[in-house]
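Me: I am new to this structure and would like to understand the words used for it. Could you take me through them one at a time, setting each value against its cut-off?

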Number of protein chains: 2
Amino acid sequence: MLKISKLTDYSTVVMAYLAQFPEKMHNAKDITAQTHIALPTVSKILKALTKSGLLLSHRGAHGGYSLANAAIKITIADIITAMEGKPGLTECSHNNTLCALQPTCAIAGNWQTISSIVYKTLEKISLQDMVLLKGSHLQHHFNGEEHIK
Amino acid sequence: MLKISKLTDYSTVVMAYLAQFPEKMHNAKDITAQTHIALPTVSKILKALTKSGLLLSHRGAHGGYSLANAAIKITIADIITAMEGKPGLTECSHNNTLCALQPTCAIAGNWQTISSIVYKTLEKISLQDMVLLKGSHLQHHFNGEEHIK
DNA sequence: TATAATTAGTACTATAGAGGTCCTATTTTA
DNA sequence: TAAAATAGGACCTCTATAGTACTAATTATA
């Protein structure tokens, strides 16, 4: 149902936690304790986010992870992209050659457009929005700007 | 990667085809021939869309399917909802009780908001947009309205 | 009224992908 | 040198999706 994966979902939880103490270094065990996500899962997420450049890692004793950028510069779109690759609603949103229907499909171009609209929407929501503003404020944020017309 | 399912994707192709000849009745075999989607799959899709009220069906000889409403009244959101249920980006977008993290999850409310923003975006795109306007026009349609701010 | 055409409904199977776990190597601090 | 962490895979299990097939019900028409 137009879902992001559970891992991606968890990633936003983890990122949101890290964003609350941006200057501090957090190790996987610490994050598990705070978020109640299983340790191996947290570990997997942290590795993926690091590889994509959203987190910085530091090995060894007193090592851990921290945000690579300010929370206001990191968007929901960034997190989804890091975990799942660039989002596209359909196969043909990226790769025109994959779909067998392509030659007769009248609407392929539209899906690329729609995907990009959704992506831009997600790019407008920062990690900071998630953490500081909490639910209702985010709502006003968008309503106030007449985001959806 | 934030995908809709293949069946849903096909559904939009089928709906778009039907919308090109709204007054005519089309049977499953006809639609298969035109869209190049396998017959059993087309059949499955047509049944689902009928059950959700997007299509009207007529049994027996010379029976078939036709749009239940004008193409301009049917939105992409309608089609996705018909095939997959109301879209929500995360588990907790609908059901607050499902997620084990809920008590400590700081961002659940935000996902509900974001899901609803995405949904509203998809509600703004009609089947008519898909069929008549074709790719580039749809783009202008949204750019012109400064849809994404 | 019989027949052919067509949808309705249900049940089944196979496959891919997601989620989750664990092990070993590497790096860094103290 | 030892302990504390992350890095990087390998691996397993389970679920949901996609696709298929079969039978029943309905309708037009000859």
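Reply: Let us begin at DNA strand D, where an N or O atom in the side chain of S57(A) is 2.6 Å from a phosphate oxygen of the strand. The model is a predicted one, and every value here should be read with that in mind.

Me: Why is the pair formed by the side chain of S57(A) and a phosphate oxygen of DNA strand D called a polar contact?

Reply: A polar contact needs a pair of N or O atoms within 3.5 Å. The side-chain atom of S57(A) is an N or O atom and lies 2.6 Å from the phosphate oxygen, so the pair qualifies. On the same test, a backbone N or O atom of A28(A) counts at 3.0 Å from a phosphate oxygen of DNA strand D, and so does an N or O atom in the side chain of H58(B), at 3.3 Å from a phosphate oxygen of that strand.

Me: Which elements give two or more residues to the surface near DNA strand D?

Reply: They are α3, β1 (55-58) and β2 (64-67) of chain A, together with α1 (6-20) and α3 of chain B. The most comes from α1(B), which gives three residues. Of the 23 residues around this strand, S57(A), R59(A), Y65(A), K6(B) and K44(B) come nearest. Sugar or phosphate accounts for 70% of the strand's atoms within 4 Å of the protein, and bases for the rest.

Me: What makes contacts to DNA strand C polar contacts, and which parts of the strand do they reach?

Reply: The cut-off is again 3.5 Å between N or O atoms. A polar backbone atom of K6(A) is 2.4 Å from a phosphate oxygen of DNA strand C, and a backbone N or O atom of L7(A) lies 3.5 Å from a phosphate oxygen of the strand. For A61(A), a backbone N or O atom lies 3.5 Å from a base oxygen. Since the definition says within 3.5 Å, the listed value for A61(A) is at the cut-off and the pair is counted. Among the strand's atoms within 4 Å of the protein, 69% belong to sugar or phosphate and the rest to bases.

Me: How do you know that T35(B) is buried?

Reply: Buried means under 20% relative accessible area, and T35(B) has 5%, which is why the word applies. This residue lies in helix α2 (residues 28-35) of chain B, and its side chain reaches the backbone oxygen of I31(B) at 2.7 Å.

Me: What makes helix α4 of chain A mostly covered?

Reply: Seven of the nine residues of this helix (residues 76-84) are buried, namely I76(A), A77(A), I79(A), I80(A), A82(A), M83(A) and E84(A). Just after α4(A), G85(A) takes a positive phi of about 85 degrees. Over chain A as a whole, 47% of the 149 residues count as buried.

Me: How confident is the predictor in chain A?

Reply: On a scale from 0 to 100, chain A averages a pLDDT of 80, with 73% of the residues scoring at least 70. Over residues 144-149, however, the pLDDT is below 50, and this stretch has 15 contacts in the model beyond near neighbours in sequence.

Key
Residues numbered from 1 in each chain as written. Chains lettered and ligands numbered in written order. Heavy atoms only, no water. Near = heavy atom within 4 Å. Polar contact = N/O pair within 3.5 Å; in protein donor to acceptor, adjacent residues only side chain to side chain. Helix = DSSP H or I, 4+ residues; strand = E, 2+ residues; numbered from the N terminus. Contact = heavy atoms within 4.5 Å. Buried < 20%, exposed > 50% of the residue type's maximum accessible area, 1.4 Å probe, protein only.
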